[in-house]
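Work through the following exercises with the sequence and the coordinates open side by side. Each task is followed by a solution that proceeds step by step.

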Amino acid sequence: MINATMLGSFTLLGFKDSSAKYRLTLFALTLLCYIVIIFVNVALILTIILEEKLHKPMYIFLCNLCFNSLYGTAAFHPKFLFDLLSNTHVISYAGCLLQVFFIYSYATTDFSILAVMSYDRYLAICRPLEYHSIMTKQRVAFLVCFSRLVPMICQSAVVIMSSKLILCGFQVEKLYCENWSFIKLSCYSTTLNNIVGFFVIILYCGHALFILCSYFQLVTFALRYPERRRKFLQTCMPHLICLTNVSATLLFDVMYARYGSESVPQSLKNFMAIQFLIIPPMLNPIIYGLNLTQVRNSFFRLCRYKKQVEG
């Protein structure tokens, strides 16, 4: 038995079957993806901050979503890029716990923000006359804080409980640290950890149910009032695409971590494990930037203004 607090480091087994040539190619692709993620998210955040007419609840929540993408990917990509160029793939005990906290607080915050955005769209389309009286500055600030603090509290509880475990191993089966791999190393029963984990899962299934109910109302309203259909398609379809994107990638990761087959190739395991850290952060700002006319026009106007200033 190994006391978890005495462990110096964990070995990441996700790299075990990768050749040096394969890792170099993957390094180039990952670096390119990370640069794109930083560029598109920072561009959208700056566009919303600098353009005063975008200082509205929907765009504030979108800005929060982009900031969360930068927060989550920063916990994975730099370490992953370093490991791709290294011959030893280890992470310290403290670093492992921090990675668990940051990556999974990012994932759950994404879900919370998407739930808040669905509530905002429901009010804007189904109850437009009441929208401004309900969605006040105080309410917007509360919803932004809710979408960030609740996931952090949940993940803090998960990480603190995991840090108390007595471990019988130090090999993590992924490219990064995640809580299920950590729990599987425990020498003793993890019933309490599982209960807390299921509570968190149920909480975010509640988020998903809330989003589905909101969209049911939105679709019903759009079908009943054709004049509202255009607004629904313009502002809700990007949100629905982002929701599907995040939900599908997270579901793949959670289900495979618990029920995945050992016969699956390591490269496919790795892709399934990291897709939610690459696909949603890269596509969400692009989807919103291309579909929301005000965001797209403001971005191009700011680009033209910058060229005029430099000229």
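The expected span of a helix is taken as 1.5 Å times one less than its number of residues. The model used throughout these exercises is a predicted one.

**Exercise 1. Check the length of helix α8 and list its buried residues.**

Step 1. Helix α8 covers residues 191–224 and has 34 residues, so at 1.5 Å a residue the expected span is 50 Å.

Step 2. The end C-alpha atoms of α8 are 49 Å apart, which agrees with that expectation.

Step 3. The buried residues along α8 are Asn193, Val196, Val200, Tyr204, His207, Ile211, Ser214, Tyr215, Leu218, Phe221 and Ala222.

**Exercise 2. Describe the chain as a whole: how many helices and strands does it have, and what percentage of its residues count as buried?**

Step 1. The chain has 12 helices and 5 strands.

Step 2. Among its 311 residues, 49% count as buried, while the surface that the chain exposes comes to about 15800 Å², with carbon and sulfur atoms supplying 70% of that area.

Step 3. When contacts with a separation of 6 or more are considered, 81% of them in this chain are between residues 24 or more positions apart.

**Exercise 3. Find the salt bridges and state, for each partner, whether the residue is buried or partly exposed.**

Step 1. The criterion is a side-chain nitrogen of Lys or Arg within 4 Å of a carboxyl oxygen of Asp or Glu, and by this rule there are 3 salt bridges.

Step 2. Asp83 and Lys79 are joined by a salt bridge with an N to O distance of 2.7 Å. Because these two residues stand 4 residues apart in helix α3 (residues 77–84), about one helical turn separates them. Asp83 is buried, at a relative accessible area of 1%, whereas Lys79, at 22% relative accessibility, counts as partly exposed.

Step 3. Arg121 pairs with Asp120, and their closest N and O atoms are 2.8 Å apart; both Arg121 and Asp120 are buried.

Step 4. Arg127 pairs with Glu130, with the closest N and O atoms 3.0 Å apart. Arg127 is partly exposed at 29% relative accessibility, and Glu130 is partly exposed as well, with a relative accessible area of 36%.

**Exercise 4. Locate the largest nonpolar core, and then examine the surroundings of Ser112.**

Step 1. The largest nonpolar core has 81 residues, and those with the most contacts inside it are Phe10, Leu62 and Tyr176. Helix α4 (residues 93–126) gives the most to this core, contributing 19 residues.

Step 2. Ser112 is placed in helix α4, and this serine is buried, with a relative accessible area of 0%.

Step 3. Leaving aside residues up to four places away in sequence, Ser112 touches Ser147, Pro151, Tyr204 and His207. Both Tyr204 and His207 are listed among the buried residues of α8.

**Exercise 5. Compare the annotated transmembrane regions with the model: what are the helix content and end separation of residues 58–78 and residues 195–219?**

Step 1. The unreviewed UniProt entry annotates "transmembrane region" at residues 24–46, 58–78, 90–119, 140–161, 195–219, 240–259 and 271–291.

Step 2. In the model, residues 58–78 are 90% helix and 0% strand, and the end C-alpha atoms of this span lie 31 Å apart.

Step 3. Residues 195–219 are 100% helix and 0% strand, with end C-alpha atoms 36 Å apart.

Note on methods:
Residues numbered from 1 in each chain as written. Predicted model: local features only at pLDDT ≥ 70, side-chain atom pairs only at ≥ 80, totals over all residues. Heavy atoms only, no water. Buried < 20%, exposed > 50% of the residue type's maximum accessible area, 1.4 Å probe, protein only. Contact = heavy atoms within 4.5 Å. Areas by Shrake-Rupley, 256 points an atom, 1.4 Å probe, with all protein chains shown as cover. Core = buried A, V, L, I, M, F, W, Y, C linked by side-chain atoms within 4.5 Å. UniProt positions renumbered as here; feature names shortened; annotations may be inferred.
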